[in-house]
Number of protein chains: 4
Amino acid sequence: MAGNSFGKLFKLTTFGESHGRAIGGIIDGCPAGIKLDFEAIQREMNRRKPGQSKIVTQRKEPDEVEFYSGIFEGQTTGTPIGFLIHNTNQKSKDYSHIKDVYRPSHADYTYDQKYGVRDYRGGGRSSARETASRVVAGAIAKQFINQVNINAFTSSVGDIFIDKPYQDLDFSKIEDNAIRCPDAATAEKMIAKVTEIKKQGDTIGGTITCVIQNVPAGLGEPVFDKLHAELGKAMLSINAVKGFEYGSGFCGARMKGSDHNDKFNEDGSTQTNLSGGVQGGISNGMDIYFRVAFKPVATTLQKQETINSSGETVEMQGKGRHDPCVVPRAVPIVEAMAALVIADYMLLRRTETTKW
Amino acid sequence: MAGNSFGKLFKLTTFGESHGRAIGGIIDGCPAGIKLDFEAIQREMNRRKPGQSKIVTQRKEPDEVEFYSGIFEGQTTGTPIGFLIHNTNQKSKDYSHIKDVYRPSHADYTYDQKYGVRDYRGGGRSSARETASRVVAGAIAKQFINQVNINAFTSSVGDIFIDKPYQDLDFSKIEDNAIRCPDAATAEKMIAKVTEIKKQGDTIGGTITCVIQNVPAGLGEPVFDKLHAELGKAMLSINAVKGFEYGSGFCGARMKGSDHNDKFNEDGSTQTNLSGGVQGGISNGMDIYFRVAFKPVATTLQKQETINSSGETVEMQGKGRHDPCVVPRAVPIVEAMAALVIADYMLLRRTETTKW
Amino acid sequence: MAGNSFGKLFKLTTFGESHGRAIGGIIDGCPAGIKLDFEAIQREMNRRKPGQSKIVTQRKEPDEVEFYSGIFEGQTTGTPIGFLIHNTNQKSKDYSHIKDVYRPSHADYTYDQKYGVRDYRGGGRSSARETASRVVAGAIAKQFINQVNINAFTSSVGDIFIDKPYQDLDFSKIEDNAIRCPDAATAEKMIAKVTEIKKQGDTIGGTITCVIQNVPAGLGEPVFDKLHAELGKAMLSINAVKGFEYGSGFCGARMKGSDHNDKFNEDGSTQTNLSGGVQGGISNGMDIYFRVAFKPVATTLQKQETINSSGETVEMQGKGRHDPCVVPRAVPIVEAMAALVIADYMLLRRTETTKW
Amino acid sequence: MAGNSFGKLFKLTTFGESHGRAIGGIIDGCPAGIKLDFEAIQREMNRRKPGQSKIVTQRKEPDEVEFYSGIFEGQTTGTPIGFLIHNTNQKSKDYSHIKDVYRPSHADYTYDQKYGVRDYRGGGRSSARETASRVVAGAIAKQFINQVNINAFTSSVGDIFIDKPYQDLDFSKIEDNAIRCPDAATAEKMIAKVTEIKKQGDTIGGTITCVIQNVPAGLGEPVFDKLHAELGKAMLSINAVKGFEYGSGFCGARMKGSDHNDKFNEDGSTQTNLSGGVQGGISNGMDIYFRVAFKPVATTLQKQETINSSGETVEMQGKGRHDPCVVPRAVPIVEAMAALVIADYMLLRRTETTKW
């Protein structure tokens, strides 16, 4: 209920605050018999971790995962997988200056309103540090659904957009640059933009596009738990996300039915894919693609006026090492959440017919 | 699991196909002691029902709700509320021509792929008829959270947008016109557009904006079940929805942090509200507002080529009485789903502190 | 949350009070493609219904089920199955004498304490009438798991016990007598006992034994949701149940390990079965058997002193047509709940390995 | 789904195998603002841990809990509480002799059937070591519901029973002896019995009685999630449990209604309490009491014939340090599970009326 779990059958529960001793989680419902590639898991962690390039925060966290259970001789056993990631970099002192201060557009105020108790160290539970646990679980989910390909990439930073459809992009180039944009020329402009913004002590928003390929038809629950509804929730649960659209998305709302309908080929595939791979909440076997909007990081290094918990106006200035743009580090998180949704619905699908 | 339930504590489960005898549902977890206004429930049903104006489908369904339990002497008792809405208009013959046909951009194909069994009568479970049950539950939820105001309205049809911020609109005028747009001049243009599209036998998409006012601070679960994530899922679960954004939304992804942050007033309210009333997944007491994109209805009255279940190309033409634009009838559905989310999180909030 | 649902994947939600217009429910998660035998469903309903013999209540309820959805051309479609059972016999007047009275050992007092609102008509939601919906769902579950055999029978009434192990009983004789005891001589004594008790205006308790045969090994979740724990909860959720034991049960608590362990045969079966078909919460392929204790019905026809809602002492006397012993009518309810548990765990089992 | 979580609102999820590096869990939904007494938590751990007396296993595990999150400055924050208990004593070699062997009346065979993968080290996930995590969570639950008193004690070992009603026992004496029986004379006999059984290399069963006092009226969900049904499930989920009865229990099944009904006093309390504090699944404010049956431990130190995973007959002999009787160490586990149920239903109760 308290919302620290995700998934129905392939279920992740996470714990941990940014400046506690460790964060971690439990993956429950991962099928038995999956041989895990631990290097692949760490590779995903490294894509998310701070300090990996000049345009992300310079904090240092090795982000190594320790597994405690559910794995025996390199294979999942069907029992819950408990894991921990130590916080090696928790300098609580860094945050003493904001102990009583409500930072603008942060969760400080709302946590205080909700719980009446606030762990003020670096955002506590509201920090995106929690997403490291999601990346662990997503990396395992990816190995379970290894026939499915999930690729996310930065599709815009501020006003700089990729101007090609995803079909014209080479996903193998996503990791070639620090911003994780597969189009080299656009990537360069994006990096220049982030570098400039960073110099100003400011931050900037962006969008991530995610494409899920080779999904079998038939995934998704038709009414409240439509496949795209769960993907939407998964994405909206990531820190700083403000919007989600799939297939034709907001553009589709401007179209006519005669233009929007996807004609069938005789094999059941469709000639266009404005539907985005989902009909009536159920996958149709075509590519699933969606776009996620991230706001600019709220912590800037510029002076701001705000209030403290006594309602007094105070001046504050972000210190420390923050991301000027979350988007590049959010790419593996988007993929992880997508993997968790697909893994969950793959399991659910097994339960729905008499033929299996 | 099969996704016919929504909500954790205030929980709706629905059943029913468009052309069965009846649809209905069970509301479980509605607190005891709410005196119900049955006319208000019927009023919401009437806003959603077909045949209410010239720009919606001319089918006739009285959509009267029969309650079977959970209410005694006009008051909720705390036990589950079972209800039924009879389908008075189920002409199965109307649909025999599509028995083996997969209509483009409908759920015919995906249901068949998923279940291997297809109730071909009028879309069966994938029909938006199911949303009538949501409106019943939403109307009861609204009465439970009666201090909260929820107003949805049509904010665009095709390329016709309201060009004012919601603060400049008078929500009391939403019901003044058939398209449910509170700005009279824009409404007129929208209605003209839908009328024209209808004449062409075509359909058109649109967007709905929803504003939730007077929500207490502290609603929402901080990690996976963020308030806006659940609102997003709720909206994406409505038929024909392709996108969801709240607060600054996709525009926010183009902004700088220094422009995006909402400055606090000394009472904890904020001067701007790009956050959209939610910080870190928790309501902050400001207005919550979001926008939902609806694609054009897939059933047009124009001839289309498609395939049947044997993979043969066939020609089909939509018959019958379909909506040229779903948006006006979707307005009460958006409100209903929003009410269900807020009611659920209001109950959840009671469980989270030692002070209550 | 409010506890009107049972099951995880094969899920029943019920609604309805004993003296409302109807009771009913929704079965969600029933796999698609099951051809239903509606007569078999009605047969189970008839086993539970009042008025079927001289030793049960003489109320008349035809208990016919109306299905509204989830079934097309006699087959389940994978969508939720909504159903209704009308209450044809609701004489609210019968209960006006107990409007303000808390009947001893009934739920009148606790409902009032819990909800502050009481539907006093015949027990409302606390009436065993609700179990008719369970029998509908259980009958469908039985058809889904048709390779499994579930047989419950009356194993004691008051101090009259069957003195044979279940292996020596012929389950085909369960329906041969009104008390549902497969041993004819014991059945006769039990019926005589109930007849005598009924003449006294009194009631009597009893036990039901249930044997589940041909269950595949591997059902059950090892920790909190052990197969026998869920069976126990299912049984304890039936009205009037006071105890549950499986395998060696309470006798096992008096034994030594050297006597209690079940030796394996080379095919993995065991020579004895004190374990009751479950090891570590998981079925081992042997018979699962358990025993359920039912208290005597609280409503007697004798005069009793009690209190009313103002805390005043009043005299009351049960009227109407009550069961002198619930056990014979509870036999199909025990089977129904067992079937729901097994169906649910059969579905769950599909999700647990990479091989399927 | 995979059954490693317990509770709805106050929810524990556990992970860990007996011979992995650590076990642990996450408590989600614990309200904010509880000042924790960490010594009280450790005290409960010490009651469960091995090596505490001569009649329990002589393994040594300090069983110290490390908390990682959800607690700040000694107080719960409302965010999930992650914790770990290191396995200091995992000697995997001890178990190599049973690698391919299915021990009689253990879960070896069923795990293999279920998952096709077996962590053979000391029972893996099926070991009662997992219950250490339950004791952590139960100790915190007790602090949340500190007005409620929960006392469990050993009520029988083999054929030695306490012959007094619980009302005549002094719960403060439970910890006075190694068997946890508050009646000194009976305790002595029980300890002698266990000592004798241990010398034989054998094991013996027993029962635990638990009394929950000062529970407010109104806890429990009336239909499937009756308070006693959830307590029953909680108890049946503990390793080695074979039966559960509450109030009059199996004895009640032999009684007449005129003897079984509990007469009300004018304040709503009852003169007798055969109901066991629950009516219609809802607490009535009287003492809740129940009895739990534990089978004898399956691991004896005597030679036994059994089979291995190839279906061959092999001889085996338990080695190592096992409990001759689980009952004394299970007392704190029974209390912990009871505390988790009561805490959960206390939270749920807050959501059920309009008055709070």
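**Group meeting talk: chains, annotated sites and a shared sheet**

Okay, let me start with one small pair: C:Val157 sits opposite C:Ile160, a residue of β10(C). Before I go on, a reminder that everything here comes from a predicted model.

So, where does that pair belong? Strand β9 of chain C, residues 149-157, is joined to β10(C) by two bridges, and the two strands run antiparallel. Now zoom out. How many strands form the open sheet? Ten, with antiparallel pairing. If you walk across, the order is β10(C)-β9(C)-β11(C)-β15(C)-β12(C)-β12(D)-β15(D)-β11(D)-β9(D)-β10(D). The edges are β10 (160-161) of chain C and β10 (160-161) of chain D, each pairing on one side only.

On to how those two chains relate. You can superpose chain D on chain C with a rotation of 180° and 0.0 Å of shift along the axis, at an RMSD of 0.0 Å. That's the relation of a two-fold axis. Both copies use the same surface, too: 99% of the contact residues of chain D recur in chain C.

Chain D also meets chain A. There, 37 residues of chain A are in contact with 37 residues of chain D. Which elements of chain A supply at least two residues each to that side? They are β2 (11-15), β3 (22-28), β7 (81-86) and α2 (108-115). The largest share is from β3(A), with four residues. As for chemistry, the chain A side splits into 13 nonpolar, 16 polar and eight charged residues.

Next, annotations. These come from an unreviewed UniProt entry, where "binding site" covers A:Arg48 and A:Lys54. Are they buried or exposed? A:Arg48 is buried, because 25 other C-beta atoms fall within 10 Å, and the cut-off for buried is 20 or more. A:Lys54 is exposed, because it has just 11 other C-beta atoms within 10 Å, and exposed means 12 or fewer.

Their settings are worth a look as well. A:Arg48 is in helix α1 of chain A, residues 38-48, while A:Lys54 is in the loop between α1 and β4 (65-67) of that chain. Skipping neighbours within four places in sequence, A:Arg48 contacts A:Thr131, A:Ala132, A:Val135, A:Arg329, A:Pro332 and A:Ile333.

There's a longer "binding site" annotation from the unreviewed UniProt entry too. Among its residues are A:Arg125, A:Ser126, A:Ser127, A:Asn239, A:Gly280, A:Lys295 and A:Arg321. Why do the annotated residues not all gather at one spot? Because they span 197 residues in sequence, and the farthest two C-alpha atoms are 44.3 Å apart.

Let me pick two of them. A:Gly280 is in the loop between β13 (278-279) and β14 (282-283) of chain A. It counts as buried, because 27 other C-beta atoms lie within 10 Å. And what does A:Gly280 touch, not counting residues up to four places away in sequence? From its own chain there's A:Pro222, and from chain B there are B:Ala107, B:Thr110, B:Tyr111 and B:Ser126.

The other one is A:Arg321, in the loop between β17 (313-317) and α8 (327-349) of chain A. With 16 other C-beta atoms within 10 Å, A:Arg321 is partly exposed. Leaving out neighbours within four places in sequence, A:Arg321 is in contact with A:Thr57, A:Gln58 and A:Arg59.

Over to chain B for a helix. In α5 of chain B, residues 227-236, ten of the ten residues are buried. That list includes charged side chains: B:Glu230 and B:Lys233 are both in it. B:His228 and B:Gly232 are on the list as well.

Last topic, backbone angles. Two residues to point out here, and neither is a glycine. B:Glu73 has a positive phi of about 50°, and C:Arg180 has a positive phi near 65°. Each is in a loop: B:Glu73 between β5 (71-72) and β6 (75-76) of chain B, and C:Arg180 between β10 and α4 (184-199) of chain C. Their surroundings are another matter. B:Glu73 counts as exposed, because it has 8 C-beta neighbours inside 10 Å. C:Arg180 counts as buried, because it has 24.

That's my tour, so over to you for questions.

Key: Residues numbered from 1 in each chain as written. Chains lettered and ligands numbered in written order. Predicted model: local features only at pLDDT ≥ 70, side-chain atom pairs only at ≥ 80, totals over all residues. Contact = placed C-beta atoms within 7 Å. UniProt positions renumbered as here; feature names shortened; annotations may be inferred. Least-squares fit on C-alpha atoms with pLDDT ≥ 70 in both. Pairing = 2+ DSSP bridges.
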